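Welcome! Here is a short guided tour for anyone meeting this structure for the first time.

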2 protein chains.
Amino acid sequence: MTDTHELTARQGLLLKLIVREHVESTVPVASRILVEKYNLTFSPATVRNEMAALEELGYLSQPHISAGRMPTEAGFRYFVARLMEEQALPLAEQRRIAHQFHQARDHIEAWLPLASSVLAQTSGGASVVTAPRTMQPVYKHLELILTHGRAVLLILVLQGGMVEQQMLALSEPMTQTALRDAADRLNQIFAGLSVVNIEARIGELPSLEADIARLIVSIMRNAEGMPSDEIYQHGLSELLQEPEFIEGDVASTSVVRVLEERSLLQAVLSETLPPAVGIGSVRVLIGGEGRWDELRTCSIVLARYGVMDIATGALGVVGPIRMPYGRTISAVRFVANILGEMVYEMYQPGIRETFPDFAEQL
Amino acid sequence: MTDTHELTARQGLLLKLIVREHVESTVPVASRILVEKYNLTFSPATVRNEMAALEELGYLSQPHISAGRMPTEAGFRYFVARLMEEQALPLAEQRRIAHQFHQARDHIEAWLPLASSVLAQTSGGASVVTAPRTMQPVYKHLELILTHGRAVLLILVLQGGMVEQQMLALSEPMTQTALRDAADRLNQIFAGLSVVNIEARIGELPSLEADIARLIVSIMRNAEGMPSDEIYQHGLSELLQEPEFIEGDVASTSVVRVLEERSLLQAVLSETLPPAVGIGSVRVLIGGEGRWDELRTCSIVLARYGVMDIATGALGVVGPIRMPYGRTISAVRFVANILGEMVYEMYQPGIRETFPDFAEQL
DNA sequence: ATTTAGCACTCTCTTCTTGCGAGTGCTAAT
DNA sequence: ATTAGCACTCGCAAGAAGAGAGTGCTAAAT
């Protein structure tokens, strides 16, 4: 990438102002406007000279020779890395959001949609929220439901309340009662165990139970790896109103596709925000960073939320490259924190359940 | 609405051809083109006369005086009601789709996304699929997981494999062991019961169990009413490529909003396709029908799938008003049937479980 | 050595004009 | 009832012209 040349103080100031102005106006910004609007102590001609320098460095560009300048992607990156100051959400808004989440406390199923809609509203872009996934799934309860002939519905409840479902086919017919007994036996043995421990004890089991146990292991393995395919979104219609997307052109289409194509989204998420990344740290992806062609026309602000090493999800905002990064980053961080707290309270028990004695002491 | 005036055979033929031609070309169709392309036995002048008559009746319109004619919404409605013939999917495609579903048999979680993507692909529009909901939920199994202090995660498994989750707060702290005992007692009593039966027996229970039972009743009540808020979509980006939506105008925005705003979508679904509607019957909504302003620029083809009175969901395609209705309706019906079969196999047990003896006989 | 005023120059955007071609409506003949 | 013929309408594309915005450069000022 562009070596981050050090800018002079004045160049930094100008880049900052140009970004601010461009974000607000959506059009290239002229030297005169800048001087007038911000009461600069130097003249438009000076500004133009500096602009030429900044263009030379690759931070600005002009759409055509007689137009003002606008930041390049490199310019935005420099801005985000060095010049930007975060703009905390107004206190009133913070309170409003906290209140909404508080009200949804008992409705788990409402958490993620709420986070998504809050993010979209406060950021003005399109939001994405993935369900939290645990890193070390722990067996909690198994339910086997006979559905049809030899078809069985397997429901596996993991610690922390995650639920996985799968159909399976028996090699020979069984009654519901026999199935329930098998499930009960497995529950007896496996409750509270992690994948490795379950795997270790498969040998002890009779063939039917062993088969089911193997399936359970594969489900749990799967749960620990993949990012959740449970993804919530909001605000796409607002995003498409942004001037860079109104041209029903390739630009808007590719953004829609990014949000629609789960696999693409998951690739972006898991690559730029691997589960290992610290909770609360916010990543900014500007214009696809040369990695993602479909993102060339937009930027993404991402964060991981949840409880490190226990259960985390990703959440973020997709907007135009010309985006109020300060505000958006704050919003993403804020929502990530508040959602993280709720998940934390819910997963807390990881300890208490494994050591019930400890819980009794409370 | 327009009284469905009876058209002469020739007027019907012309309207049909005009629809077909317009759907294909996206532009107003001229009298001469029609005659040449379909080797009509009468002249363009005659066609023009008939066109004038059809326009008088409200079935055709011209964007401006010297342009060809295109169907009005009323024209499309007449076409769908009287003139259209359904175009079954090519056998090869049917087989391909059936194969895909067959492969996904054991992965319930993949059914709806698959249905959605298949629909979008075969129809070229944007698809919507809602998860099936049962009309008469039956209690199957309860799981109570202590999470934090007095916070408890309640997981309720209903017959057929539906899973509902909710958080609740205890009035005083309990151990996980005590919670499990309570859940076991409730499971003992309630397994296999419907809402009314559960309600009838709340009186017999000690206070803690009674509280939980009341919560369960409200959850089950809720499950039987609402359409599912689990909604899958696909193909929006393709839809936005259609010529009527490329103008980033109000048109495209309103479509995106329809698909994004769950409440709106659910309103449309539950009003035009109430759970009582027969399985397999396909409904066509053209241009919002004056009821839905956001749908003014598009049409929707909807069907209900599943097992009548047991568990049903809705599924459909959103496309431009200028849509190949014959093909789309076939596609929707086909996918509804195939998905319905899968749900049927899964819910079949309703009988077998309630009368285990019956299952033993198999 | 910077900074700045002044000015010529470039390029887009809007508006207007013009001409073309597609398609119709009408009339009169079949 | 149908149709050929023709005048007429109207959108659309291409071209022309003018305005306006903004720069780059040069030469003067600090």
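The notes below go through the two chains, the DNA strands and one strand of chain B.

This is a predicted model, in which local features need pLDDT of at least 70 and side-chain atom pairs count only at pLDDT 80 or more, while totals for chains, interfaces and linings use all residues. Residues are numbered from 1 along each chain as its sequence is written, and chains are lettered from A and ligands numbered from 1 in the order in which they are written.

**How the two chains meet**

- Chain A brings 51 residues into contact with 50 residues of chain B (contact means that C-beta atoms, placed from the backbone, lie within 7 Å).
- On the chain A side, strand β5 (residues 139-148) gives the most, with 7 residues (helices, H or I of at least four residues, and strands, E of at least two, are DSSP runs numbered from the N terminus).
- That side of chain A divides into 22 nonpolar, 17 polar and 12 charged residues (Ala, Val, Leu, Ile, Met, Phe, Trp, Tyr, Cys and Pro count as nonpolar, Asp, Glu, Lys and Arg as charged, and the others, Gly among them, as polar).
- A rotation of 180° with 0.0 Å of shift along its axis superposes chain A on chain B, with an RMSD of 0.2 Å (a least-squares fit on C-alpha atoms of residues with pLDDT of at least 70 in both copies). That is the relation of a two-fold axis.
- The copies meet through the same surface, because 98% of the interface residues of chain A are also interface residues in chain B.

**Around the DNA**

- DNA strand C is surrounded by 19 residues, and the closest are F42(A), S43(A), T46(A), S66(A) and A30(B) (near means a C-beta atom, placed from the backbone, within 6 Å).
- α3(B) gives the most to the surface near DNA strand C, with 4 residues.
- DNA strand D also has 19 residues around it, the closest being A30(A), F42(B), T46(B), H64(B) and S66(B).
- Near DNA strand D, α3(A) gives the most, with 4 residues.

**A covered strand in chain B**

- In strand β10 (residues 298-307) of chain B, 10 of 10 residues are buried (20 or more other C-beta atoms, placed from the backbone, within 10 Å of the residue's own).
- β10(B) pairs with strand β9 (residues 282-286) of chain B in the antiparallel sense over 5 bridges (pairing takes at least two DSSP bridges), and V282(B) stands opposite A303(B).
- β10(B) is also joined by 10 bridges to the antiparallel strand β11 (residues 311-320) of chain B, where T312(B) is the bridge partner of G306(B).

Note on methods: Two residues are in contact if their C-beta atoms, placed from the backbone, lie within 7 Å. A residue is buried if 20 or more other C-beta atoms lie within 10 Å of its own, exposed if 12 or fewer, and partly exposed in between; C-beta atoms are placed from the backbone.
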